[in-house]
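I opened my notebook for a structure I had not met before. Here is what I looked up, one entry at a time, so you can follow along.

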Amino acid sequence: RRPGMNGFTLMQHLKSKGHSLPMIMITGHGDEKMAAQAMKAGVMDFLTKPFRGGELLAAIDRAMEQWESPK
């Protein structure tokens, strides 16, 4: 809901520039449909506000494990 560029637009922009870091989407206005759309688009994890700090740290750990593991 940010003016000019939402999370999906940002993700597409970064991918088009060759960025390969795993992405975690955080939103205060998410629902199941948006979460499914994000996961299909390649988001590693989808968090809705409010969330606990431990949830974010766990999502970061999972993302880094996947990114660092050989493909």
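Is Asp45 buried or exposed? I began with this residue, keeping in mind that the model is a predicted one.

**Entry: Asp45**

I found that Asp45 is buried, because its relative accessible area is 13% and the cut-off for buried is under 20%. I placed Asp45 in strand 2, which covers residues 45-48. Then I looked for a polar partner, and the side chain of Asp45 makes a polar contact with the side chain of Arg62, at 2.3 Å. I also listed what Asp45 touches beyond four places in sequence: Met23, Ile24, Met25, Met39, Ala59 and Arg62.

**Entry: the whole chain**

Next I stepped back to see the layout. I counted three helices and two strands, and from the N terminus on they follow the order α-β-α-β-α. I noted that the C-alpha trace spans about 35 × 30 × 20 Å along its principal axes. The chain has 71 residues, and 18% of them are buried. I looked at contacts between residues at least 6 apart in sequence, and 30% of these join residues at least 24 apart.

For the surface, I wrote down an exposed area of about 5,600 Å², with 55% of it supplied by carbon and sulfur atoms. I also tallied charges: there are 10 positive and 7 negative side chains, and the centres of the two sets lie 10 Å apart.

**Entry: the nonpolar core**

Which residues make up the largest nonpolar core? I found seven: Phe8, Met11, Met23, Met25, Ala38, Val43 and Phe46. I picked Phe8 for a second look, and beyond four places in sequence Phe8 is in contact with Met25, Met34, Gln37 and Ala38. Two of those contacts, Met25 and Ala38, are themselves members of this core.

**Entry: Thr27**

I turned to strand 1, residues 24-27, where Thr27 has its place. Thr27 is buried, because its relative accessible area is 12% and buried means under 20%. I checked the polar side-chain atoms of Thr27 and found one lying 3.0 Å from the backbone nitrogen of His29. Leaving aside neighbours within four places in sequence, I listed Met34, Phe46, Leu47, Thr48 and Lys49 as contacts of Thr27. Phe46 appears here and in the largest nonpolar core too.

**Entry: helix ends**

I then went looking at where helices begin and what follows them. At helix 1, the N-terminal cap is Asn6, with a side-chain oxygen 3.0 Å from the backbone nitrogen of Phe8. Just after helix 1 comes Gly18, with a positive phi of about 90°.

What caps the N-terminal end of helix 2? I found Asp31 there, with a side-chain oxygen 3.3 Å from the backbone nitrogen of Lys33. Helix 2 is followed by Gly42, and I noted a positive phi near 110° for Gly42.

I added Gly7 to this page, since I had found this residue in helix 1. Gly7 is partly exposed, with a relative accessible area of 36%. The C-alpha atoms of Gly7 and Ala38 are 9.1 Å apart, with their positions 31 residues apart along the chain.

**Entry: Pro22 and Met64**

Where is Pro22 found? I traced Pro22 to the loop between helix 1 (7-16) and strand 1. Pro22 is partly exposed, at 24% relative accessible area. Beyond four places in sequence, I found Pro22 in contact with Met44, Ala63 and Trp67.

I found Met64 in helix 3, residues 53-68, and noted that Met64 is partly exposed, with a relative accessible area of 29%. Pro22 and Met64 are 42 residues apart along the chain, and their C-alpha atoms are separated by 7.4 Å. I also paired Met64 with Gly4, 60 residues apart along the chain, and got a C-alpha separation of 29 Å.

**Entry: a cis peptide bond**

My last look was at the loop between strand 2 and helix 3, where Pro50 is found. Lys49 and Pro50 are joined by a cis peptide bond, with omega about -5°. I had already met Lys49 as one of the contacts of Thr27.

Notes:
Residues numbered from 1 in each chain as written. Predicted model: local features only at pLDDT ≥ 70, side-chain atom pairs only at ≥ 80, totals over all residues. Heavy atoms only, no water. Helix = DSSP H or I, 4+ residues; strand = E, 2+ residues; numbered from the N terminus. Buried < 20%, exposed > 50% of the residue type's maximum accessible area, 1.4 Å probe, protein only. Polar contact = N/O pair within 3.5 Å; in protein donor to acceptor, adjacent residues only side chain to side chain. Contact = heavy atoms within 4.5 Å. Core = buried A, V, L, I, M, F, W, Y, C linked by side-chain atoms within 4.5 Å. Areas by Shrake-Rupley, 256 points an atom, 1.4 Å probe, with all protein chains shown as cover. Lys, Arg positive; Asp, Glu negative; His and termini not counted. Charge placed at Lys NZ, Arg CZ, Asp CG, Glu CD.
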